[in-house]
Amino acid sequence: EQQGPRDRRLTILAQLQAPIHLLASSHASTNTRTPSIMSGTPAPVGLNGMDLIIDGWFHERGEMWPGQAMSLKVEKVLDHHRSEFQDVLVFESEKHGNVLVLDGVIQVTERDEFSYQEMGAHLPLFAHPNPKRVLVIGGGDGGMLREIARHPGVEEIVECELDKDVIEVCKTHLPSLAKGYDDPRVTVKIMDGAKFMDENQDAFDVIITDSSDPIGPASVLFEMPFYNAMYKSLREGGIICSQGECMWLHVDVIQPLVNCVKEVFTTVEYAYTTIPTYPSGQIGFIIATKGKAEGCSKPNRKPSDEIQKQLRYYTPEIHEASFVLPAFAKRAIFGDSA
C-alpha cells in the first residue's frame with residue numbers, strides 16, 4: 001500500500017531517531033545521489049542502465065521524483081558495466097558532454113557539474129576562517145577534491161569512497177573532474193565513511209558529504225546516527241556540508257532532518273544551488289557548525305582574484321544569496337516564525 005505524505009513523514013522521523021548502533025551495520029553511500037548498499041555487501045543484480053536508453057535518448061526516472069523525468073540525447077556509450085556494488089554507465093551526450101550515471105541516476109554532466117561541486121565545497125570552506133584538514137564522504141568523481149584543492153591553506157584532504165570503479169571510470173572519461181585526485185594533499189580511502197569517522201574523532205575542520213538520496217539503505221545518510229558521527233569527527237569550530245535534496249520535491253525529508261540536526265550542532269542552515277540536470281533543476285545543502293555561533297551564511301574569507309577567475313559559479317555574493325530561501329521553502333523547513 002502506498003504511503004501518503006503524513007505516513008511518509010512519520011517514517012522519516014522514525015528513521016531520524018534511529019539508535020547510534022545503526023552506524024555499525026549500515027553503509028554510508030559514497031556516490032552522489034545514487035542508492036547505496038550495505039557495507040561490504042555486493043548489490044543484487046537489478047537495474048541495467050542500458051535499458052534506460054530508448055530511441056537514442058537516456059531517460060532518468062526515480063521514486064524520489066515521481067511523475068517527472070530527465071532525458072538526454074545519447075551520442076555514444078563510453079562505458080557500461082556492473083561494479084561490485086552498482087550499475088555504472090558513462091555516455092557522451094549531444095549537448096551536455098560526458099555523463100556519469102549510477103544505478104540509473106545522473107551523477108554529473110560535464111556541462112553543469114561545476115555549480116554543484118563549487119557550492120558544495122566553497123560554501124563551508126570559505127565560511128571557515130582557516131580550514132586545514134578536510135574530509136569528503138563520497139565524491140568518487142573527484143569534483144569536490146578539485147574544488148577543495150583551490151584552497152592553498154588546506155593541508156590534508158581525505159576522501160572515503162567505497163566503489164573504486166567510480167574513481168577509475170571518472171579518471172578515464174571525466175578527467176576535468178578527476179583531476180582532483182592529482183593533488184598531493186589528497187588521500188583516498190576505499191572504505192565506509194561512517195567507519196572512518198568513528199576511527200578519526202576531533203580530526204577535521206570541514207566534512208563534506210557528497211551523498212545519495214534517502215531511499216533504501218541509503219537513508220542512513222539522512223538519519224541522526226550519521227550526523228552524530230560527523231559531529232564527533234569534527235573539530236571545535238568546524239563545519240559540515242551535506243547534500244540536502246530539492247526544496248521543490250523533498251521538504252518532507254529536509255524539515256525533520258533539520259529539526260533533529262539542531263539538537264546536536266550549534267547552528268543549522270540550508271543553502272541551495274541551481275543545476276539543470278538534477279531533479280527540478282535545484283539541489284540543496286544542509287550546513288551545520290560545531291561551536292561556531294554565527295553560522296555560515298556570510299563568508300569568512302574570499303577567493304583571490306586568480307582563483308575567482310577560475311570559478312564559474314561561486315562568488316562571495318552568491319554565497320550569501322544561496323541562503324536566502326523562497327518563502328514557501330523557508331516556512332516549510334524552518335517554520336512560520338523563521
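A salt bridge is a side-chain nitrogen of Lys or Arg within 4 Å of a carboxyl oxygen of Asp or Glu. Keep that in mind as you work through these exercises on the structure above, which is a predicted model.

**Exercise 1. Find out how many salt bridges a search of the whole structure gives, and check one of them, Arg150 with Glu147.**

Step 1. Start with the total: searching the whole structure turns up 13 salt bridges.

Step 2. Now check the pair. The closest N and O atoms of Arg150 and Glu147 are 2.8 Å apart, and the cut-off is 4 Å, so the pair passes.

Step 3. Are these two residues buried or exposed? Buried means under 20% relative accessible area. Arg150 has 19%, so Arg150 is buried. Glu147 is at 0%, so Glu147 is buried too.

**Exercise 2. Work out how Glu199 and Lys195 are placed in helix 7, and how accessible they are.**

Step 1. Begin with the contact itself: Glu199 and Lys195 form a salt bridge through their side chains, at 2.4 Å from N to O.

Step 2. Next, look at the helix. Both residues belong to helix 7 (residues 193-199), and because they are 4 residues apart there, about one helical turn separates them.

Step 3. Finish with accessibility. Anything between 20% and 50% is partly exposed. Glu199, at 49%, is therefore partly exposed, and Lys195, at 47%, is partly exposed as well.

**Exercise 3. Describe the link between Arg235 and Asp205, then name the residues of the salt-bridge network.**

Step 1. Get the distance: Arg235 and Asp205 make a salt bridge, with their closest N and O atoms 3.2 Å apart.

Step 2. Place the partners. Arg235 sits in strand 11 (residues 234-243) and Asp205 in strand 10 (residues 204-210), so with their positions 30 residues apart, the pair links distant parts of the chain.

Step 3. Compare their surroundings. Arg235 is partly exposed at 28% relative accessible area, whereas Asp205 is buried at 7%.

Step 4. Turn to the network. Salt bridges with shared partners tie Glu113, Arg146, Glu147, Arg150 and Arg312 into one network. You've already met two of its members, Arg150 and Glu147, as a salt-bridged pair.

**Exercise 4. Trace the sheet of 6 strands and find its edges.**

Step 1. Write down the order: this open sheet runs 1-2-3-4-5-6, and its pairing is antiparallel.

Step 2. Look for strands that pair on one side only. These are the edge strands, strand 1 (53-54) and strand 6 (105-109).

Step 3. Zoom in on one edge. Strand 6 pairs with strand 5 (residues 98-102) in the antiparallel sense, over 4 bridges. Here you can spot Leu100 opposite Val108 of strand 6.

**Exercise 5. Do the same for the sheet of 7 strands, and see what lies across it.**

Step 1. Again, begin with the order. It's an open sheet, 9-8-7-10-11-13-12, with mixed pairing.

Step 2. Find the edges. Strand 9 (186-189) and strand 12 (267-274) each have a single partner strand, so one side of each has no neighbour in the sheet. On average, neighbouring strands here are turned by 15 degrees against each other, direction ignored.

Step 3. Follow the bridges. Strand 8 (residues 156-160) and strand 9 run parallel, joined by 4 bridges, with Cys160 opposite Lys189. Strands 10 and 11 are also parallel, with 5 bridges, and Thr209 has Ser242 of strand 11 as its bridge partner. Strands 11 and 13 are antiparallel, with 5 bridges, and Ile240 faces Ala288 in strand 13.

Step 4. Add the helix. Helix 8 (residues 224-233) lies across strands 7, 10, 11 and 13, at about 145 degrees to strand 11. Strand 11 is mostly covered, with 7 of its 10 residues buried.

**Exercise 6. Classify the crossing of helix 9 and helix 12, and say what makes the contact.**

Step 1. Take the geometry: the axes of helix 9 (residues 251-262) and helix 12 (residues 327-334) come within 8 Å and cross at roughly 50 degrees.

Step 2. Classify the angle. The two helices are therefore oblique to each other.

Step 3. List the residues. Helix 9 brings Val251, Ile254, Gln255, Val258, Asn259 and Lys262, while helix 12 brings Ala332, Ile333 and Phe334.

Step 4. Sort them by class: the contact has 6 nonpolar, 2 polar and 1 charged residues.

Terms used: Residues numbered from 1 in each chain as written. Predicted model: local features only at pLDDT ≥ 70, side-chain atom pairs only at ≥ 80, totals over all residues. Heavy atoms only, no water. Buried < 20%, exposed > 50% of the residue type's maximum accessible area, 1.4 Å probe, protein only. Pairing = 2+ DSSP bridges. Axes fitted to C-alpha atoms, helices over the stretch in contact; angles between N-to-C directions. Parallel < 35°, antiparallel > 145°, perpendicular 65-115°, else oblique. Contact = heavy atoms within 4.5 Å. Nonpolar A, V, L, I, M, F, W, Y, C, P; charged D, E, K, R; others polar.
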